[in-house]
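Here are some short exercises to work through with the structure open beside you. Try each task before reading its solution.

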Amino acid sequence: YFVAILLRNCAGLAALRGEWAQALRFGGAATAFEERHNFFDFVDERFRVRSMSAAREAVGADQADAAFAAGESLGSDTAIREAEAWLASLPADGRMP
């Protein structure tokens with residue numbers, strides 16, 4: 001459960017920051033995890049759809065599909081390590097995303 005939340009939150013934050021390919025990659029990883037574990041979070045669905053739609057529109061369908069598929073192909077451990085590394089790379093100065 002927490003892995004899906006971590007990945008979804010990273011996808012949303014990446015989208016807010018305009019890091020479209022990263023948002024789609026995390027979104028793909030979250031989707032794969034949710035499908036493997038039969039988990040779906042209805043509360044976040046509207047936010048997820050909005051952020052993934054914006055990312056898809058920003059990069060175009062082909063790039064979006066490739067980034068999402070790359071995320072889907074990640075194992076859970078790899079996706080978690082990537083999310084941790086990405087979060088650690090963000091500025092810690094308190095500015096908005």
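## Exercise 1: Ala-54

Ala-54 is partly exposed, as its relative accessible area is 32%. Please keep in mind as you work that this is a predicted model.

**Task.** Find the helix that holds Ala-54, then work out how far its C-alpha atom is from that of Glu-34.

**Solution.**
- Step 1: Ala-54 is placed in helix α3.
- Step 2: Between 20% and 50% relative accessible area a residue counts as partly exposed, so the value of 32% puts Ala-54 in that class.
- Step 3: Glu-34 is 20 residues away along the chain, and the two C-alpha atoms are 21 Å apart.

## Exercise 2: helix α2

**Task.** Check whether the span of helix α2 agrees or disagrees with its number of residues, then list its buried residues and what they pack against.

**Solution.**
- Step 1: Helix α2 covers residues 20-36, which makes 17 residues.
- Step 2: At 1.5 Å a residue, the expected span of α2 is 24 Å.
- Step 3: The end C-alpha atoms of α2 are 24 Å apart, so the span agrees with the expectation.
- Step 4: Buried in α2 are Ala-23, Leu-24, Phe-26, Gly-27, Gly-28, Ala-29, Ala-30, Thr-31, Ala-32, Phe-33 and Glu-34.
- Step 5: These buried residues pack against α1 (2-16), α3 (45-59), α4 (61-72) and α5 (76-89).

## Exercise 3: Thr-31 in helix α2

**Task.** Decide whether Thr-31 is buried or exposed, and name its contacts beyond four places in sequence.

**Solution.**
- Step 1: Thr-31 belongs to helix α2.
- Step 2: The relative accessible area of Thr-31 is 12%, and because buried means under 20%, Thr-31 is buried.
- Step 3: With neighbours within four places in sequence left aside, Thr-31 is in contact with Arg-8, Phe-68 and Glu-72.

## Exercise 4: after helix α2

**Task.** Look just after α2 and describe the phi of Asn-38.

**Solution.**
- Step 1: Asn-38 sits in the loop between α2 and α3.
- Step 2: Most residues other than glycine have a negative phi.
- Step 3: Asn-38 is not a glycine, yet its phi is positive, at about 50 degrees.
- Step 4: Asn-38 has 75% relative accessibility and therefore counts as exposed.

## Exercise 5: helix α4

**Task.** Which residues of α4 are buried, and where do they lie around the axis?

**Solution.**
- Step 1: α4 has 12 residues and reaches 16 Å from its first C-alpha to its last, close to the 16 Å expected at 1.5 Å a residue.
- Step 2: Its buried residues are Ala-64, Ala-67 and Gly-71.
- Step 3: They cover an arc of only 70 degrees around the axis, so they lie on the same side of α4.
- Step 4: The cover over these buried residues includes α2 and α3.

## Exercise 6: the largest cavity

**Task.** How many cavities of 30 Å³ or more are there, and which residues line the largest cavity?

**Solution.**
- Step 1: Searching the whole structure gives 2 cavities of 30 Å³ or more.
- Step 2: The largest cavity has a volume of about 60 Å³.
- Step 3: Its lining consists of Arg-8, Asn-9, Ala-11, Gly-12, Asp-44, Phe-47, Arg-48, Ser-51 and Met-52.
- Step 4: The elements giving two or more residues to this lining are α1 and α3.
- Step 5: Sorted by class, the lining has 3 nonpolar, 3 polar and 3 charged residues.
- Step 6: Ser-51, one of the lining residues, is in helix α3 and is buried, with a relative accessible area of 9%.
- Step 7: Not counting residues up to four places away in sequence, Ser-51 touches Gly-12 and Ala-15.

Key:
Residues are numbered from 1 along each chain as its sequence is written. This is a predicted model: local features need pLDDT of at least 70, side-chain atom pairs count only at pLDDT 80 or more; totals for chains, interfaces and linings use all residues. Side-chain values use heavy atoms; hydrogens and water are left out. Helices (H or I, at least four residues) and strands (E, at least two) are DSSP runs, numbered from the N terminus. The expected span of a helix is 1.5 Å times one less than its number of residues. Buried means under 20% relative accessible area, exposed over 50%, partly exposed in between (1.4 Å probe, protein chains only). Contact means heavy atoms within 4.5 Å. On a 1 Å grid over the protein atoms alone, a cavity is a set of points where a 1.4 Å probe fits but cannot get out, and a pocket is an open set with protein on both sides within 12 Å along at least five of seven lines; lining residues have an atom within 4 Å of a point. Grid points are joined across faces, edges and corners, and a volume is the space filled by probe spheres set on the points. Ala, Val, Leu, Ile, Met, Phe, Trp, Tyr, Cys and Pro count as nonpolar, Asp, Glu, Lys and Arg as charged, and the others, Gly among them, as polar. The arc is that of the directions from the helix axis to the C-beta atoms.
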